[in-house]
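Student: I've got the model open and want to talk through a few strands and a charged patch. Can we go step by step?

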Amino acid sequence: MITFLPQNIEYDIKGEKTILQAAAAAGVNIDGNCAGAGVCGKCKIRIIDGPIPEPADHHFQLTEDEIASGYRLACCTMAEDGMVIEMPESETTASRKKKLVKLPEWFSSEPRTVKRYITVDKADIACQKADVTRIEEKLGDKVIGVSFDAMKKIPCALGQGADITVTIQNGEIIDVESGDTSKDCYGVAVDIGTTTVVVMLWNLSTGEMVGINAATNPQGTYGADVISRINFANSEEGNLQIVHGVIIDAINRYAEELCSENGIRIDSIYEYAVVGNTTMSHIFLGVDPSQLAFSPFTPVFTDGTVCKASQLKLEGNCCASVYLSANIAGHIGSDITAGIITTDIMDKKGGHLFIDIGTNGEIVLSGNGRACACSTAAGPAFEGSSIRQGMRAARGAIERVDITDEGVIIKTIGDTTPIGICGSGIIDAVGELIRTGIVNKSGKLLSPERLRSKGISEEVLKHIRTTDKVNDFVLYESPDGKSDVLITQKDIREVQLAKAAISAGISIMMKELGLTEETLEKVSIAGAFGSYIRNSSAMDMGLLPRVPEERIYSLGNSAGIGASMMLLSEKTVVDSEAAAKDIQHIELASRSDFQDAYMLAMSF
């Protein structure tokens, strides 16, 4: 038995597993960005009791002090009976996403599933109408049939009395219960992000959210990005079922927790609406995603898919259905479909840019009567994975940077001692370094001598550290000098490559639709990323087009919002599928002008 703190989760080890694999099996989330290769160093844990193996740290991710204090890499350390493993207690990206789900004011709920409490007329010798007929007559023209599962429940329900509750979904009776259960009608909206899973429980009768759970996607144990997960899924027989199973288990666990916390029976869940990128959509259904890893990146399916929850082993009523939203293309998934329906981008009138920045940057642009979309490989820089001291949004992460003549001002999540820097902090830091001229247009962090001649204050120059003729910028200097947080020259190059990919994608799309920065009326930024970055910093570094800040809108967790809208409205489902078909996919790899646009966008 091993114990994970601070959650105090116990796990009985069976067979040989790394701590990372044991954590995934126990439902404990540890970053596994490099899929167990030991190169990213993001899975640091501390063994505070029990056996402490010798460190297997071949890529030198741990300091001597950390090793002496019991820190190990979870992906390289075998789990052993009796271990007590401590993980940093933090405010994570997941917890932030909880705060970012709010339905648009214009949205109106029209759920597919409704419950009706009725009293059925009794049959007698003079009126021998079938039970189904008498139920349908009571309901009037609101039903078009009875499912086989519901039909089997009718004798038992009517056997307990004439008062019953029927559940109707898209005009078909799918469930019959004795008594009045008309208020027990719930649905679950799910946003399966590569990094984070968000599960939202909704009351279908009132259109109100009951609760929300969010946590790191447990598939991260098998790789930080979609390509590494596809590679894992296809590396051995049974691996696809593993990554499929962990996401199903996670959704069930979060849904059960929400039901338990709110005194709701799990069999009161009648619907799921699910969104995710195209790879996550395939894995969610247990469909082989291997084609998405190589050109021409052809998905097995793009249309919205409906199945029974029981087919996927999702918890809920035995008649519960699952709707998986439509994808747009191989690397533009239903999370983008969900996001765009929260906006007016499909009006295609004034220039409107929708952007979701992660490991991939998905971009949708409309205007001049057209709408098109592309995906560009931004890499992991904006999520911290390829940054030396990058981390996800967690307690101790630097999230804001200001550089003034008086020095460097930083803000951390949780207002505590800095331990690294998250995506919004990375953009802020690089944006400030460019704004002040400390980093030049080519991306070089200049020497103190050159900056002194440009009038940069000595207080700021103190933050430049030169090693082997390479300059780094110290954001935080620790008292003992052993835990400093820096932005390195290599980090700046990583950000430069990522921003160039996004910027080139936007440039080609605007060229395709005949739009310019001047004719761009709206920029909508999706996700927690868009809610926490400083727009001026993103524009200073060239990540976003230079437009007046009042034209930039943060959408919050647009994928989760869109999934919820689909759960609560059949019209939204219809609109979303029409939008997914209407958007023209632009494959940047096939564009002869992409390389030129990319090289041009490399300049800050």
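Student: Which residue in strand 11 does V190 stand opposite?

Tutor: This is a predicted model, where local features need pLDDT of at least 70, side-chain atom pairs count only at pLDDT 80 or more, and totals for chains, interfaces and linings use all residues. Numbering starts from 1 along each chain as its sequence is written, and side-chain values use heavy atoms, with hydrogens and water left out. Strand 10 (residues 186-192) and strand 11 (residues 196-203) run antiparallel, joined by seven bridges; strands are DSSP E runs of at least two residues, numbered from the N terminus, and two of them pair if DSSP finds at least two bridges between them. Across from V190 sits V199.

Student: And on strand 13, what stands opposite Y186?

Tutor: Strand 13 (residues 269-276) runs parallel to strand 10, again with seven bridges. The residue facing Y186 there is I269.

Student: How many residues of strand 10 are buried?

Tutor: Buried means under 20% relative accessible area, exposed over 50%, and partly exposed in between (1.4 Å probe, protein chains only). Y186, V188, V190 and I192 point one way, G187, A189 and D191 the other, and all are buried. So the strand is mostly covered, and the count is seven of seven.

Student: Now, which residue of strand 25 is the bridge partner of L353?

Tutor: Strand 16 (residues 351-357) and strand 25 (residues 520-525) run parallel, joined by five bridges. In strand 25, L353 is partnered by V523.

Notes:
Helices (H or I, at least four residues) and strands (E, at least two) are DSSP runs, numbered from the N terminus.
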